[in-house]
Amino acid sequence: MAPLISFDEALDLGALTDHEEIGALVERAWAVRTDRFGDSTDMCSLVNAKSGGCAEDCGFCAQSRYAESDTPMHAMMEPDQILEHAKAAEAAGAHRFCMVTQGQGLSKRDFAKIVEGARLVSEHTNLKRCASIGHMSTDRAKQLKEAGIQRVHHNVESARSYYPEVSTTVRYEGRIRTIDAVKEAGLESCVGGILNLGESPRQRVEMAFELAEIDPESVPINLLNPRSGTKFGDRDLMDPWEVVKWVAIFRLILPDALFRLCGGRVENLGELQPLAVKAGLNGVMMGNFLTTLGVEPAEDRAMFEGLGLNVARQPDNGANPRPDNRTGWMEGDTPQTPVDELIDSQAEANFWDPSTQLRVVKKKAKPPAYPERPADAEPAPAGWGD
């Protein structure tokens, strides 16, 4: 996708602090969003199908074996459990459902459960189907497609130049290989990252332009919600106006991507969430997140409807999703949705609930120290972390 602004212009916009100037930037981004997507939305919901005990050292994640925080554990779900959570997402008005697991990849047994879960969701709901299961080969990606998965999520997390500060055990190049495998299998890609990991404004712009080169159909952006005991656990939340500004900048750099905010949006944005929507969002992650709680479905729907956007379910949602079916391969009949009326609260359906479904396990011994930045990693540019 071709950015609408240059790298230097993005840097200049990133330096804005005046709220009126940021407001003008928001209007510019809103014009781009409405020009590309009209009043359509793309609301997503997820299930944490397998959690905890991760061997990797991602500095933002409480599931890492290197984190001093207690470990949020959840054994691999059975396919019928995945389906129940998908039905809850559909009842809440989500257009899309993503099955998420921890770690770099899945065992054959766990992968088979994801494949069967995908089949059930495609047969019994009218949801778009996504999976986020770590690294994978082209062969596995093809198996997901045959089971009904339409898009695979795999973040780059940060700019290439800053990435070694984020993780040393999961290499940036490995993430790109997985994204390439997904595309080779004919699947759509969902690729984004996390803001406020200590990266500089320049590195935020770098990440956005790197994402433009990857050209994913969907770009999810998370905002660090610092977890005690993790590498980045002592960072402050982002200023809400800073979040709004960077949402707008990303929209101008990634004009054709479905752009959504996911984890950390509640904690970082507070009352400015509607302004962030106007800054260029197609949707948000509805319901709860992997290990933290979200907001009620009715609140999220109202936030988009307040800007004149259409959050209604579509009759062809599962077979021919709009507006993101760029490749045109999603064809065929789709089942009628089993839910007639939208629910307003999570208590009305079997939503994924990390407060009750995660088992928090206290570490018996002090975890190992986070590994040092690899010797072969490019040095971070001067001023990183500013």
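## A guided tour from Asp215

Asp215 is partly exposed, with a relative accessible area of 26%. Select this residue to begin, and keep in mind that the model is predicted. Asp215 sits in the loop between H8 and S8. Check its backbone here: phi is about 60°, a positive value, although Asp215 is not a glycine. Most residues other than glycine have a negative phi.

**Next, step back into helix H8**

Asp215 follows H8, so select that helix now, residues 201-214. How far apart are its end C-alpha atoms? They are 20 Å apart, which agrees with the 20 Å that 14 residues should span at 1.5 Å a residue.

Now colour H8 by burial. Of its 14 residues, 10 are buried, so the helix is largely enclosed by the rest of the structure. The buried ones are Gln203, Arg204, Val205, Glu206, Met207, Ala208, Phe209, Leu211, Ala212 and Ile214. To see what covers them, show the surrounding elements, which include helix H1 (7-14), helix H7 (172-184), S7, S8 and H9.

**Then visit Asn196**

Select Asn196, in the loop between strand S7 (193-195) and helix H8. Is Asn196 buried or exposed? At 6% relative accessibility, it counts as buried, because the cut-off is under 20%. Asn196 is another non-glycine residue with a positive phi, near 85°.

**Follow the contact to Met238**

One of the residues that Met238 touches is Asn196, so select Met238 next. You will find Met238 in the loop between strand S8 (218-223) and helix H9 (240-253). Met238 is buried too, with a relative accessible area of 7%.

Show the neighbours of Met238. Leaving aside residues up to four places away in sequence, Met238 touches Leu195, Asn196, Arg204, Leu223, Val243, Trp246 and Asn268. Arg204 may be familiar, as one of the buried residues of H8. Try a distance label on Leu195 as well: 43 residues separate it from Met238 along the chain, and their C-alpha atoms are 8.6 Å apart.

**Last stop: a pair of helices**

Select helix H4 (residues 108-124) and helix H5 (residues 138-147). Their axes lie 8 Å apart and meet at an angle of about 30°, which makes H4 roughly parallel to H5. Which residues make the contact? From H4, show Lys108, Phe111, Ile114, Val115, Ala118, Arg119 and Ser122; from H5, show Arg140, Gln143, Leu144 and Ala147. Coloured by class, this contact has six nonpolar, two polar and three charged residues.

Notes:
Residues numbered from 1 in each chain as written. Predicted model: local features only at pLDDT ≥ 70, side-chain atom pairs only at ≥ 80, totals over all residues. Heavy atoms only, no water. Axes fitted to C-alpha atoms, helices over the stretch in contact; angles between N-to-C directions. Helix = DSSP H or I, 4+ residues; strand = E, 2+ residues; numbered from the N terminus. Parallel < 35°, antiparallel > 145°, perpendicular 65-115°, else oblique. Contact = heavy atoms within 4.5 Å. Nonpolar A, V, L, I, M, F, W, Y, C, P; charged D, E, K, R; others polar. Buried < 20%, exposed > 50% of the residue type's maximum accessible area, 1.4 Å probe, protein only. Expected span 1.5 Å × (residues − 1).
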